[in-house]
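Subject: Handing over the structure

Hello,

Here is the structure I promised you. Please open it and keep it in view while you read my notes below.

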Amino acid sequence: QKGAVACDFALHAWAMASAELVALIASLATDERSQIQRRLHDERKIVDTAPREAVDQVLAATALETNKVGYLALLAARSELTDEAGCETLFAKFAGVAVALDPADLQTAPARLAQLSRNVSALAGKVGPAAAMRLVVPMRICLEKVSTSNGHLSSILVDYLAVCLMAKAYEAAVPWTRRTIAEIHSEGTTLEVTDVQLIYYYRGLVCLGLKRFDDAFAMFNLALVVPVDLNEVTVAVFKKYEITSLLCRGYLQSLPRYSSVALRRIQQYTQPYNDIVAAYTSKENEPVQSLQKAIEKHRAEFVKDENLGLVQQLVDSLRQRMVTQLSAVYDRTSLQLVAEQVALSTPREAEALVLRMIAAGDIVARIDHSLGCISFDEAVSRDARADPEESMRKCFDSLSTVCRLKDELATNHWLIQRNIRDQELAGSHFLYKERVGDDD
């Protein structure tokens, strides 16, 4: 009898929830666009607390073509209740929403879109790379529709970069790593400070996947100066920052003075990476062997952090820096000496290393196989080899951005009022000092 009463109560609750959902979703189809966002916020509990059966029933009865925002709200609520078994259906509906909804519809309900995007991204992480690949195109469509400018960031960019990384679709994320973020609009988005940090972190990971170490280092640097408390993401960023700093600079570059005070104690959480930095920059006679020992000592930690492959690239990087140092000392030397200096087994391995450096433009040299030696010529700097037109284009883009920001700051109402108030306070303080001086 108690079971029957409980069943009747559940059915009654399901019917009540379905009726409330039907009324809410139907009103969204007829309300003015300015009222939709308020209703979604005020009546969020109706959707979020409804049973799964009620959401499924109303979702099946709602047409995407006639009630786009209502369908989006229902699908976002359904995504909270979806597990790996139902992810295929959810992904297909998400793709339909991405194609069908207009930019104005997506911007009307940014919280619901962010909720749906975050949930499908999390599901893809549980299912695997193939599921993430299915989300790359629909999520990019959503991202392009909600982005009104280069500075209009949203939490969807975090999810898009995440699925690109899971699917190893680095090229798909390249356009979003090359945009210069000069401004961030918080209006009409669900963007938080931690999302900004994740955006820079994921952009850095994309650059690492493409072997663009200089760009990755710049992204990790920006992620570290985002004003957030010390957290797991910050520690993960700093670990990769240490490695990429060695790859790009040959030493651990100090963080900017304006970085968070919390970063002063971050190295106590990255001791294995600190040992790698010490071995890489040591002045011992056998630095390569010292670095290899440090890597083997902390191998388990690097595997856990998924940084082993990146750390192992430091060995080849250190050997290349040692060859560059040899080119600054010798005009000609034997391949046998090069092999001994950089801890390689044979002159043939040393020759292969030198050839890779010549192909990359790191050194200018000629190899004489008859004598088994290498002749170094004066190297041409990377800046000199860079395309001058591309460099000028970047300079003009930066100049136009600075000029635009200067004009916006000069006409910003809040800043003008603050300057007037500061001047009035300064004048009052000056008059007070004059009066005090006269009294004395």
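A residue is called buried when its relative accessible area is under 20%. By that cut-off, Pro272, Tyr273, Asn274, Ile276, Val277, Ala279 and Tyr280 of helix α15 are buried. Keep in mind that this is a predicted model.

**Helix α15**

Helix α15 covers residues 271-280, and 7 of its 10 residues are buried, so the rest of the structure largely encloses it. What does the covering? Among the elements over its buried residues are α14 (232-249), α16 (287-297), α17 (299-304) and α18 (308-329).

**The whole chain**

Now step back. The chain has 440 residues, and 42% of them count as buried. It holds 23 helices and 3 strands. Its exposed surface is about 24600 Å², with 54% supplied by carbon and sulfur atoms. Take the contacts with a separation of 6 or more: 68% of them join residues 24 or more positions apart.

**Helix α8**

Look next at residues 110-127. This is helix α8, with 18 residues; at 1.5 Å a residue it should span 26 Å, and its end C-alpha atoms are indeed 26 Å apart. Its buried residues include Leu113, Leu116, Val120 and Leu123. Arg112, Gln115 and Asn119 are buried there too. An α-helix has 3.6 residues a turn, so residues three or four places apart point the same way. Glycine 128 follows α8, and its phi is positive, near 140°.

**Helices α9, α10 and α12**

Here are two helix pairs that share α10. Start with α9 (residues 129-146) and α10. Their axes come within 8 Å and cross at roughly 150°. Angles over 145 degrees count as roughly antiparallel, and α9 and α10 are therefore roughly antiparallel to each other. Their crossing is left-handed. On the α9 side, the residues that meet α10 include Leu135, Val136, Met139 and Leu143. On the α10 side, they include Ile156, Tyr160, Val163 and Cys164.

Now the second pair. Helix α10 (residues 155-166) and helix α12 (residues 193-209) have axes that come within 9 Å and cross at roughly 25°. How do these two helices run, parallel or antiparallel? The cut-off for roughly parallel is under 35 degrees, so α10 and α12 are roughly parallel. This crossing is left-handed as well. From α10, Ser155, Leu157, Val158, Leu161, Ala162 and Leu165 make the contact. From α12, the partners include Asp195, Leu198, Ile199, Tyr202 and Arg203.

Two residues in this region deserve a look. Aspartate 195 sits in helix α12. It is buried, with a relative accessible area of 6%. Beyond its neighbours within four places in sequence, aspartate 195 is in contact with Arg118, Ser155, Val158 and Thr190.

The other is tryptophan 176, found in helix α11 (residues 170-177). Is tryptophan 176 buried or exposed? Its relative accessibility is 8%, so it counts as buried. Again leaving aside neighbours within four places, tryptophan 176 is in contact with Leu143, Glu144, Ser147, Leu157, Tyr160, Leu161 and Arg203. Leucine 161 lies 15 residues from tryptophan 176 along the chain, and their C-alpha atoms are separated by 8.4 Å.

**Helices α5 and α6**

One more pair. Helix α5 (residues 68-79) and helix α6 (residues 87-100) pack at about 155°, with axes 11 Å apart. They are therefore roughly antiparallel. The crossing is left-handed. Lys68, Tyr71, Leu72, Leu75 and Ser79 of α5 touch Leu90, Lys93, Phe94, Val97 and Ala100 of α6.

**Two backbone angles to check**

Most residues other than glycine have a negative phi. Two loop residues are worth checking against that. Lysine 211 is not a glycine, yet its phi is positive, near 65°. It lies in the loop between α12 and α13 (213-224). Lysine 211 is exposed, with a relative accessible area of 52%.

Alanine 343 also has a positive phi, about 60°. Its loop runs between α19 (335-341) and α20 (347-360). At 24% relative accessibility, alanine 343 counts as partly exposed.

Best wishes

Conventions. Residues are numbered from 1 along each chain as its sequence is written. This is a predicted model: local features need pLDDT of at least 70, side-chain atom pairs count only at pLDDT 80 or more; totals for chains, interfaces and linings use all residues. Side-chain values use heavy atoms; hydrogens and water are left out. Helices (H or I, at least four residues) and strands (E, at least two) are DSSP runs, numbered from the N terminus. Buried means under 20% relative accessible area, exposed over 50%, partly exposed in between (1.4 Å probe, protein chains only). Contact means heavy atoms within 4.5 Å. Accessible areas come from the Shrake-Rupley method with a 1.4 Å probe; for residues, only the protein chains shown count as cover. The expected span of a helix is 1.5 Å times one less than its number of residues. Axes are lines fitted to C-alpha atoms, for helices over the stretch in contact, and angles run from 0 to 180 degrees between N-to-C directions. Angles under 35 degrees count as roughly parallel, over 145 as roughly antiparallel, 65 to 115 as roughly perpendicular and the rest as oblique. A crossing is left-handed if the near helix is turned anticlockwise from the far one by less than a right angle, and right-handed if clockwise.
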